Amino acid sequence: MSTVIYPGSFDPVTLGHIDVITRSAQIFDKVIVCILNNSTKKSPLFSQDERANMLNEVISDYPNVVVETYDGLLVDFARMHNVNILIRGLREESDFASEFKMAQGNRSVAVEMETLFMPTDPKYSFVSSSMAKEFASYGMSLHDFVPKSVEKKLYDKLWKKSEI
């Protein structure tokens with residue numbers, strides 16, 4: 001059985017993330033979407049549980065995709081699940097440089113770890129979680145960025161936060 005891990009912060013999940021998840025689910029027997037806390041980024045807008053709930057909602061049509069959360073090194077999570085293939089989505093050329101460094105770093109501490117790069121559909125090449133959050137903070141439509149259910153959660157979170 002071929003199992004892969006698609007890691008990320010997914011704060012929030014975007015249409016680009018969903019593109020990579022659904023395409024991976026068509027290729028591999030099982031896809032574990034691993035929501036990691038990224039210590040290099042500022043505080044996430046959504047908790048890990050909120051992000052997991054959003055992801056579970058939008059990938060519910062894919063029985064071979066499971067969502068898990070983890071605090072720690074990705075290679076440790078992969079070893080716990082006996083998985084040695086990581087999927088990383090690429091939106092544009094600049095993503096490759098940082099993803100390549102991460103893949104090399106993972107391989108240096110876990111020689112068995114392989115990283116497969118999957119370019120997102122070109123129509124999502126400009127989509128990012130940060131841009132979705134910024135546009136939502138100005139009340140702009142997010143139909144090109146995130147699923148409708150996620151858009152609502154973004155507005156609720158950002159507008160309630162700004163009223164405090």
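In the predicted model, 6 aromatic pairs are present. One of them joins Phe 135 and Phe 145, whose ring centres lie 5.3 Å apart with the planes at 80°, so the pair is classed as edge-to-face. Phe 135 belongs to helix α5, whereas Phe 145 sits in the loop between α5 and α6, so the pair ties together parts that are 10 residues apart in sequence. The two partners differ in their surroundings: Phe 135 is partly exposed, with a relative accessible area of 25%, while Phe 145 is buried, with a value of 6%. Aromatic residues also come together elsewhere, as Phe 96, Phe 100 and Phe 117 form one aromatic cluster.

The nonpolar interior was examined next. The largest nonpolar core comprises 34 residues, and those with the most contacts inside it are Val 33, Leu 55 and Leu 154. Two or more residues are contributed to this core by each of β1 (3-8), α1, β2 (30-36), α2 (48-58), β3 (65-70), α5 (129-137) and α6. Helix α1 provides the largest share of the core, 5 residues. The contacts of Leu 154, once neighbours within four places in sequence are set aside, are with Pro 12, Leu 45, Phe 46, Ala 132, Lys 133, Ala 136 and Leu 142. A second, separate core of 13 residues is also found, and its members include Leu 36, Tyr 70, Phe 77 and Val 83.

The strands were considered in terms of their burial and pairing. Strand β2 is mostly covered, with 6 of its 7 residues buried. Strands β1 and β2 pair in the parallel sense over 6 bridges, and within this pairing the bridge partner of Tyr 6 is Val 33 in β2. From β1 the chain passes through α1 to reach β2, and this β-α-β crossover is right-handed. Strand β2 is also joined to β3 by 6 bridges, and these two strands run parallel. In that pairing, Ile 32 has Val 66 of β3 as its bridge partner. Strand β2 is thus bridged both to β1 and to β3, and Val 33, the bridge partner of Tyr 6, is among the residues with the most contacts inside the largest core.

A corresponding description applies to β4 and β5. Strand β4 (residues 85-90) is mostly covered, since 5 of its 6 residues are buried. It is joined by 6 bridges to strand β5 (residues 114-119), and the two strands run parallel. Leu 90 has Pro 119 of β5 as its bridge partner. The connection from β4 to β5 leads through helix α4 (residues 93-109), and this β-α-β crossover is right-handed. Before β4, the loop that follows α3 (74-80) contains Asn 82. With a relative accessibility of 72%, Asn 82 counts as exposed. Asn 82 and Ser 24 are 58 residues apart in sequence, and their C-alpha atoms are 18 Å apart in space.

Charged side chains were then analysed, and the structure was found to hold 10 salt bridges. One of these links Arg 23 and Asp 19, with an N to O distance of 2.9 Å. Both residues lie in helix α1 (residues 15-27), and because they are 4 residues apart, about one helical turn separates them. Arg 23 counts as partly exposed at 28% relative accessibility, whereas Asp 19 is buried, with a relative accessible area of 11%.

Two further salt bridges are found in helix α6. The side chains of Glu 151 and Lys 148 meet at 3.4 Å, N to O. These residues are 3 residues apart in helix α6 (residues 148-163), about one turn of the helix. The two ends of this salt bridge contrast in burial: Glu 151 counts as buried at 5% relative accessibility, while Lys 148 counts as exposed at 65%. The other salt bridge joins Lys 152 to Asp 156, with 2.8 Å from N to O. Lys 152 and Asp 156 are 4 residues apart in α6, so about one helical turn lies between them. Lys 152 is exposed, at 52% relative accessibility, and Asp 156 is partly exposed, with a relative accessible area of 31%. Helix α6 therefore carries the salt bridge of Lys 152 and Asp 156 and is also one of the elements that give two or more residues to the largest core.

Terms used. Residues numbered from 1 in each chain as written. Predicted model: local features only at pLDDT ≥ 70, side-chain atom pairs only at ≥ 80, totals over all residues. Heavy atoms only, no water. Salt bridge = Lys/Arg side-chain N within 4 Å of Asp/Glu carboxyl O. Buried < 20%, exposed > 50% of the residue type's maximum accessible area, 1.4 Å probe, protein only. Pairing = 2+ DSSP bridges. Right-handed = clockwise from strand over helix to strand, strands pointing away. Core = buried A, V, L, I, M, F, W, Y, C linked by side-chain atoms within 4.5 Å. Contact = heavy atoms within 4.5 Å. Phe/Tyr/Trp six-rings, centres within 6.5 Å; stacked < 30°, edge-to-face > 60°.
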